[in-house]
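Today I opened my notebook to look up the enclosed spaces inside a protein. I wanted to know what lines them.

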Amino acid sequence: MKTLNDFNFENKKALIRVDFNVPLNENFEVTDATRIVSAKPTIIKILEDGGSCILMSHLGRPKGFQDEFSLKHIASKVEDILGVEVKTVADCIGADVEAVAASLEPGQILLLENLRFYKEETAGDVGFAEKLSKLGDIYVNDAFGTAHRAHASTTIVAQFFEGKKCFGSLLAQEIDSIKKVMETGEKPVLAILGGAKVSSKITIIENILDKVDHLIIGGGMAFTFVKAQGGNIGNSICEDDKMPLALDILKQAKAKNVQIHIPVDTIAADDFSNDANTQILDINEIPDGWEGVDAGPKSRAQFHNVVMASKTILWNGPLGVFEMESFAGGTIELGNSIAEATKNGAFSLVGGGDSVAAVKQFGFEEKVSYVSTGGGAMLESLEGKTLPGIAAILE
């Protein structure tokens, strides 16, 4: 696996696929710069080597050239974070862009225009990838968030850089973190899967059962397991068609000696609202008209003990409707437990949109070992898929 450390970038132009698909407000100001900050170590290393950087990214889902999706809006924020002037161009391919790229001096940065202004980018067009390849000497992929897509800039372009391609710091860290959970992590290994639906996590569960010692199933998906075992779940969310699968998962886990932990109690509400009436109920005794919206106190205590006994922890998905303050307690307490276990020496990886949002919202970012930047890419990695953007560097 080739990384930045396998190359000396002195007098070289690095063509870097970054993931600067950041949220903007109505004034085109960046509201969350995490992805830009995450790319900084790769860019600075190349500049310190005496190289120059040509950054390419997409932003949003434009239909052709649309000014609101122009990367020029984020250039000043990139400059602030890197502490280096960032040049911009009005396109990402073509003679004019090639001329600007060719004139870059060591230590300089060029930010290309939005790749997705061209439909050829998402189509994985070879001709478009070849035009991009003319801009740099070494190709660096540092965009984990798009590594699961076989797009021109994330995958296809790599074929024009035989022997001159590598992973950036961020992507190498992502690969290493997932490997720790899936292959090399110290046991006991715990996976915590939450969120609303079993159907969105089936392939992950089936893939990780061979690799974990404990599996906590929380959030809305727990009710499918409870109902499948004969429990009364009232109006709680449930995928009735997935109940046979839930029973099969429990059976598989038993055969593989994996301990599955399902909530034993729940905070139930009489309405899906922050102001609803609530009561604590056994999870399999929820009356009609009530729905489970968060893990109850007994479940939180039980999960805390499992977390504290684990040496490697994967957290994907919240334990309740954390977006509503009244139902965020279970997710916050789980975060506290994981933070404590991490402080005591466990390795903790958080990934997947909702759990990353929760970690940021409740201030756990610095208290866990690693927070993944790629939602879909992370999930596909956990499903055991080889991501095309990663395979392209390894080939």
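The entries below are about cavities and their linings.

Entry 1, ground rules. I am working with a predicted model, in which local features need pLDDT of at least 70 and side-chain atom pairs count only at pLDDT 80 or more, while totals for chains, interfaces and linings use all residues. Residues are numbered from 1 along each chain as its sequence is written, and side-chain values use heavy atoms, with hydrogens and water left out.

Entry 2, the count. I looked for cavities (on a 1 Å grid over the protein atoms alone, sets of points where a 1.4 Å probe fits but cannot get out), and I found three of 30 Å³ or more. I take volume as the space filled by probe spheres set on the points, which are joined across faces, edges and corners.

Entry 3, the largest cavity. I noted about 50 Å³ of space here. The lining residues (those with an atom within 4 Å of a point) are Asp19, Arg35, Ser38, Ala39, Asp142, Gly145, Leu170 and Thr373. Helix α1, residues 34-49, gives the largest share of this lining, with three residues; helices are DSSP runs of H or I with at least four residues, numbered from the N terminus. By class I wrote down two nonpolar, three polar and three charged residues, where Asp, Glu, Lys and Arg count as charged and Gly as polar.

Entry 4, the second largest cavity. Which residues line the second largest cavity? I listed Arg300, Phe303, His304, Leu319, Gly330, Glu333, Leu334 and Ser337. Two or more residues of this lining come from each of α10 (297-308) and α11 (329-343), and the largest share, four residues, comes from α11. The volume of this second largest cavity is about 40 Å³.

How values were computed:
On a 1 Å grid over the protein atoms alone, a cavity is a set of points where a 1.4 Å probe fits but cannot get out, and a pocket is an open set with protein on both sides within 12 Å along at least five of seven lines; lining residues have an atom within 4 Å of a point.
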